2 protein chains.
Amino acid sequence: MNVINIADKFSQIQEYYRPRIAGELNDAYLKLVKLKGEFVWHQHENEDELFLVVKGRLLIKLRDRNLWLDEGEFVIIPKGVEHCPVADEEVQAILLEPKSTLNTGNVLNERTVAAQWI
Amino acid sequence: MNVINIADKFSQIQEYYRPRIAGELNDAYLKLVKLKGEFVWHQHENEDELFLVVKGRLLIKLRDRNLWLDEGEFVIIPKGVEHCPVADEEVQAILLEPKSTLNTGNVLNERTVAAQWI
């Protein structure tokens with residue numbers, strides 16, 4: 001039961017689109033991720049996903065519209081909704097997801113990674 | 001599926017220790033709460049609880065030690081661990097809890113409230 005400083009943890013993250021686990025509660029992980037560039041279109045069949053932007057400006061493309069998130073804003077992408085994060089400049093975001101969630105959801109490719117603790 | 005600005009939501013909250021629901025994902029609510037003064041000692045039998053401090057400095061008293069959280073810091077209080085939040089000055093915090101969580105945990109008293117959406 002430790003107090004976690006989010007900025008400290010982000011300073012240890014070098015890679016983009018590699019979520020790191022910073023906490024676990026109930027059946028979920030709280031993850032920290034740096035995003036830059038465009039990710040892949042994907043969905044999570046059974047899991048809603050929280051994106052909370054700590055730094056920067058994040059675009060989440062949906063099939064029918066775009067969502068823009070500034071610092072201090074969040075959105076919850078419901079299960080089954082295709083989305084694609086895009087960050088022109090580096091974005092730092094908190095994710096909250098069930099432990100079973102894969103970063104690329106229903107898509108398995110070279111960007112699929114198993115999250116490690118930080 | 002709306003983008004939520006956390007500061008905007010906090011500006012609408014007047015009362016202390018009345019968590020308001022700002023989002024739901026899976027079986028959990030993301031809640032916003034303003035804290036000032038000392039709460040009550042309680043525990044949550046079956047639910048871990050996240051405290052993420054957005055503004056101010058929060059003390060969470062445990063039976064064996066004190067946890068201090070500054071802005072941008074979080075802690076997860078595991079199920080069954082007695083805790084008592086204390087805020088000398090106003091604190092704004094994000095909570096993440098299963099939908100079943102009562103604010104006063106195992107204690108039912110005049111401070112027990114059912115969370116409302118904001």
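User: Before we look at any residue pair, what makes two strands count as paired?

Analyst: Two strands pair if DSSP finds at least two bridges between them. In this predicted model, β7(A) is joined to strand β1 (residues 4-5) of chain B by 2 bridges, and the strands run antiparallel.

User: Nice. Which residue of β1(B) is the bridge partner of A:Glu73?

Analyst: That partner is B:Asn5.

User: How many residues does each chain bring to the contact?

Analyst: Here a contact asks for C-beta atoms within 7 Å. Chain A gives 24 residues and chain B gives 24 residues. On the side of chain A that touches chain B, the elements giving two or more residues are β1 (4-5), α1 (6-11), β2 (20-25), β6 (66-69), β7 (73-77) and β8 (83-98). The top contributor is β7(A), with 5 residues.

User: And how do the residues on that side of chain A divide by character?

Analyst: They split into 17 nonpolar, 4 polar and 3 charged.

User: How should I read the symmetry: what rotation superposes chain A on chain B?

Analyst: A rotation of 180° does it, with 0.0 Å of shift along the axis and an RMSD of 0.0 Å. That is how a two-fold axis relates two copies. Also, 100% of the interface residues of chain A are interface residues in chain B too, so the copies meet through the same surface.

User: Last one: what confidence values go with the model?

Analyst: The scores are ipTM 0.92 and pTM 0.93. For chain A, the mean pLDDT is 94, with 100% of its residues at 70 or more.

Definitions and conventions. Residues numbered from 1 in each chain as written. Chains lettered and ligands numbered in written order. Predicted model: local features only at pLDDT ≥ 70, side-chain atom pairs only at ≥ 80, totals over all residues. Least-squares fit on C-alpha atoms with pLDDT ≥ 70 in both. Contact = placed C-beta atoms within 7 Å. Helix = DSSP H or I, 4+ residues; strand = E, 2+ residues; numbered from the N terminus. Nonpolar A, V, L, I, M, F, W, Y, C, P; charged D, E, K, R; others polar. pLDDT = per-residue confidence, 0-100.
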